[in-house]
Amino acid sequence: MKISIEKIKKEIKVDLSYESRQFEKNNNRESPKNPIQVNITVSLAGEKNVSIRGYIDGDFKLTCERCCESFLIHKKINVDDIFELTQHELSEKIVDIDKKIEEIVYAESPIKIICKEDCKGICIGCGVNLNKEECKCKR
């Protein structure tokens, strides 16, 4: 969604629903399982910044970096950020809300994605998921 800079000189409320395919193209670490609900207030903050406040709510499918299994996690991300407008946005006099939402979601992603604290991972010898079965190889 793109919004005219003129429209956000006064604060406006934006309610959006994002499908998973909108996030999958740039991030293979996690993707929404169902549509993500976005409820934000957008306003101009100075001449070259935009303020976004509200929340992003949804279920995300993640892949554990230890055992390679997929799992779901529910996230409600509180948003209170100021973004500098890009040169393109300033010249076109628009704000690309989709890009800002993507940036927020990715910034809230954990550095290391694991399904549970005590995840045992996979055996480097035989490749079995050690959370589900015991290793039978002679490492």
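**Figure 1. The loop around Lys93, an exposed residue in a predicted model.** At 56% relative accessibility, Lys93 counts as exposed, and the model in which it is seen here is a predicted one. Lys93 belongs to the loop that runs between helix 2 (87-92) and strand 7 (94-96). Although Lys93 is not a glycine, its phi is positive, at about 60°. For comparison with the usual case, most residues other than glycine have a negative phi. Another residue of this kind is Cys68, which is not a glycine and whose phi, near 65°, is positive; Cys68 is placed in the loop between strand 5 and strand 6.

**Figure 2. The chain as a whole, given as background to the other close-up views.** The chain contains three helices and seven strands, and when these are read along the sequence they follow the pattern β-β-α-β-β-β-β-α-β-α. Of the 139 residues in the chain, 37% are buried. The accessible surface of the chain comes to about 8,800 Å², and carbon and sulfur atoms account for 46% of that surface. If one considers the contacts between residues at least 6 apart in sequence, 59% of them join residues that are at least 24 apart.

**Figure 3. Glu89 in helix 2 and the residues in contact with it.** Glu89 is located in helix 2 and is buried, with a relative accessible area of 3%. Its side chain makes a polar contact with the side chain of Lys100, at 3.1 Å. When neighbours within four places in sequence are left aside, the residues in contact with Glu89 are Ile5, Glu84, Ile94, Val95, Asp96 and Lys100.

**Figure 4. Glu84 in strand 6, one of the contacts of Glu89****.** Glu84 lies in strand 6 and is exposed, having a relative accessible area of 60%, whereas Glu89 is buried. Apart from neighbours within four places in sequence, Glu84 is in contact with Lys48, Asn49, Glu89 and Lys100. Asn49 and Glu84 are 35 residues apart along the chain, yet their C-alpha atoms are separated by 4.4 Å. Lys100, which is in contact with Glu84, is also the residue whose side chain makes the polar contact with the side chain of Glu89.

**Figure 5. Strand 4 and the two strands that pair with it, strand 2** **and strand 5****.** Because seven of its nine residues are buried, strand 4 is largely enclosed by the rest of the structure. Strand 2 and strand 4 pair in the antiparallel sense, and seven bridges are found between them; in this pairing, Lys13 stands opposite Thr41 of strand 4. Strand 4 and strand 5 also run antiparallel, and they are joined by eight bridges; here Leu44 has Val50, in strand 5, as its bridge partner. Strand 4 and strand 5 form a hairpin in which four residues lie between the two strands, and Gly46, in the turn, has a positive phi of about 85°.

**Figure 6. The largest nonpolar core and the surroundings of Ile40.** The largest nonpolar core has 30 residues, and those that touch the most other members are Val38, Ile40, Val42, Ile56, Ile97 and Ile101. At least two residues of this core are supplied by each of strand 2 (12-18), strand 4 (36-44), strand 5 (49-63), strand 6 (70-84) and helix 3 (97-107). The element that gives the most to this core is strand 5, which contributes five residues. With residues up to four places away in sequence not counted, Ile40 touches Ile12, Lys13, Val14, Ile52, Arg53, Gly54, Tyr55, Ile97 and Ile101.

**Figure 7. Cysteine residues that do not form disulfides, including Cys119** **and Cys137****.** A search of the whole structure finds zero disulfides. The closest cysteine sulfur to that of Cys119 belongs to Cys115 and lies 3.7 Å away, which is too far for a bond, because a disulfide requires the two sulfur atoms to be within 2.5 Å. Cys137 is likewise in no disulfide, and the cysteine sulfur nearest to its own, that of Cys135, is 3.1 Å away. Cys119 is buried, with a relative accessible area of 7%, while Cys137 counts as partly exposed at 27% relative accessibility.

Technical notes. Residues numbered from 1 in each chain as written. Predicted model: local features only at pLDDT ≥ 70, side-chain atom pairs only at ≥ 80, totals over all residues. Heavy atoms only, no water. Core = buried A, V, L, I, M, F, W, Y, C linked by side-chain atoms within 4.5 Å. Buried < 20%, exposed > 50% of the residue type's maximum accessible area, 1.4 Å probe, protein only. Contact = heavy atoms within 4.5 Å. Areas by Shrake-Rupley, 256 points an atom, 1.4 Å probe, with all protein chains shown as cover. Polar contact = N/O pair within 3.5 Å; in protein donor to acceptor, adjacent residues only side chain to side chain. Pairing = 2+ DSSP bridges.
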